[in-house]
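The following exercises invite the reader to work through a protein model step by step. Please keep the sequence and the structure in view while solving them.

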Amino acid sequence: MNDVFTPPEVWTWDQPNGGEWASINRPVAGATHEKALPVGKHPLQLYSLATPNGVKATVMLEELLEKGHQGAEYDAWLIRIGEGDQFSSGFTAINPNSKIPALVDRSGEQPLRVFESGSILLYLAEKFGEFLPSEPAKRVETINWLMWQVGAAPFVGGGFGHFYAYAPEKYRYPIDRYTMEVKRQLDVLDRQLAEHEYVAGDEYTIADIAIAPWYGLLQAGEAYKAGEFLQVQEYKNVERWRKAVFARPGYQRGRMVNRTSGDPDQCLAERHSASDFDGKRLR
Ligand SMILES: N[C@@H](CCC(=O)N[C@@H](CS)C(=O)NCC(=O)O)C(=O)O
């Protein structure tokens with residue numbers, strides 16, 4: 001056991017706490033500074049970063065374009081969460097929760113804000129009639145898994161990733177707790193994928209688009225340098241599915257958008273037209 005912390009009667013904000021994200025964490029909401037968001041030429045304006053939550057939105061848009069929906073053309077602007085862009089007056093007006101991704105649809109009479117990655121996926125699926133089956137049983141199964149991802153992934157990122165990778169000191173209790181949960185979740189997915197080609201059945205849907213950037217990345221050993229620790233090779237069905245999803249051209253383009261670190265050939269800080277990918281290598 002590590003040192004025991006006895007919580008005081010009233011919690012106070014003693015900053016900084018030394019954690020990787022200490023400089024952007026605050027116990028209050030709202031804007032920290034006045035700054036309007038840029039607006040490009042397309043009806044869909046995305047404000048994001050290529051984290052697993054951000055990648056869900058850009059993969060969806062690229063998959064829609066891959067299907068030939070020209071109305072899904074979009075401008076993707078970079079929100080540098082490490083530098084506090086999510087706390088600008090412009091961003092908090094479109095997402096009071098100050099988290100990427102956030103989308104504005106300017107195709108109607110009034111701009112429409114869409115925040116929360118799950119909401120963005122549902123909104124775009126319904127707008128374009130893609131990646132969400134219309135048959136009721138298949139539709140609800142897709143939404144079941146979409147909601148599973150939205151509810152489960154904070155245990156991966158905010159729980160496991162935070163205490164295993166980001167915390168300034170490592171504590172056994174939270175690492176054990178969240179490792180147990182993340183392995184349980186990987187097993188849930190592995191069992192589902194043992195019986196189905198894609199997460200919600202025999203079709204690629206918004207459930208796959210939501211789940212692959214988190215659990216695919218984890219299974220590939222690319223999240224939190226935790227592949228060996230989690231023994232990710234055990235999840236064979238997740239691996240089979242992850243390889244198929246990651247090989248899709250729409251997925252490969254989507255994961256590059258709003259990416260600023262890693263192989264420069266795989267990074268597109270902003271995206272304003274299909275030609276921005278010219279010269280980029282899909283992988
Ligand atoms: N439930 C949200 C979570 C989004 C989220 O956590 N975004 C992170 C990046 S992956 C973020 O913007 N963090 C900035 C911050 O916490 O200030 C969603 O699915 O859209």
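## Exercise 1: The surroundings of I100

I100 is buried, because 24 other C-beta atoms lie within 10 Å. Here a residue is buried if 20 or more other C-beta atoms lie within 10 Å of its own, exposed if 12 or fewer, and partly exposed in between, with C-beta atoms placed from the backbone. The model is predicted: local features need pLDDT of at least 70 and side-chain atom pairs count only at pLDDT 80 or more, while totals for chains, interfaces and linings use all residues. Residues are numbered from 1 along each chain as its sequence is written.

**Task.** Determine where I100 lies and with which residues I100 is in contact, leaving aside its neighbours within four places in sequence.

**Solution.**

Step 1. I100 belongs to the loop between α2 (89-94) and β3 (102-105). Helices (H or I, at least four residues) and strands (E, at least two) are DSSP runs, numbered from the N terminus.

Step 2. Two residues are in contact if their C-beta atoms, placed from the backbone, lie within 7 Å. Apart from neighbours within four places in sequence, the contacts of I100 are Y47, S48, L49, T51, N53, G54, I79, I81 and Q86.

Step 3. For a longer view, take P168, which is 68 residues from I100 along the chain; the two C-alpha atoms are separated by 24 Å.

## Exercise 2: The ligand shell

**Task.** List the residues that surround the ligand, and sort the shell by class.

**Solution.**

Step 1. A residue is near a molecule or strand if its C-beta atom, placed from the backbone, lies within 6 Å of it. Around the ligand are I24, T51, N53, I81, Q86, S98, K99, I100, E116, S117, G118 and V150.

Step 2. Ala, Val, Leu, Ile, Met, Phe, Trp, Tyr, Cys and Pro count as nonpolar, Asp, Glu, Lys and Arg as charged, and the others, Gly among them, as polar. The shell then divides into 4 nonpolar, 6 polar and 2 charged residues.

## Exercise 3: Backbone exceptions

**Task.** Which bond joins I100 and P101, and what is the phi of E116?

**Solution.**

Step 1. Most residues other than glycine have a negative phi, and most peptide bonds are trans.

Step 2. I100 and P101 are joined by a cis peptide bond, with omega about 0 degrees. P101 is also found in the loop between α2 and β3.

Step 3. Although E116 is not a glycine, its phi is positive, about 80 degrees. E116 sits in the loop between β4 (112-115) and α3 (117-128). It counts as partly exposed because it has 16 C-beta neighbours inside 10 Å.

Step 4. N258, in the segment after α9 (249-254), also has a positive phi, near 65 degrees, in a residue other than glycine. N258 counts as buried because it has 28 C-beta neighbours inside 10 Å.

## Exercise 4: Strands and their partners

**Task.** How many bridges join β1 to β2, and how many join β3 to β4?

**Solution.**

Step 1. Two strands pair if DSSP finds at least two bridges between them. Strand β1 (residues 44-48) and β2 run parallel and are joined by 5 bridges. Within this pair, L44 has Y74 in β2 as its bridge partner.

Step 2. Strand β2 (residues 74-78) is largely enclosed by the rest of the structure, because 4 of its 5 residues are buried.

Step 3. β3 and β4 run antiparallel, with 4 bridges between them. A hairpin through 6 residues joins β3 to β4, and L103 stands opposite V114 in β4.

## Exercise 5: The core and the whole

**Task.** Describe the largest nonpolar core, then the overall arrangement of the protein.

**Solution.**

Step 1. A nonpolar core is a set of buried Ala, Val, Leu, Ile, Met, Phe, Trp, Tyr and Cys residues joined through C-beta atoms within 7 Å. The largest one has 66 residues, and M60, L121 and I206 have the most contacts inside it. Helix α6 (residues 206-219) contributes the largest share of this core, 9 residues.

Step 2. Beyond its neighbours within four places in sequence, L121 is in contact with K56, M60, L146, I206, I209 and A210.

Step 3. The protein has 9 helices and 4 strands, in the order β-α-β-α-β-β-α-α-α-α-α-α-α along the sequence.
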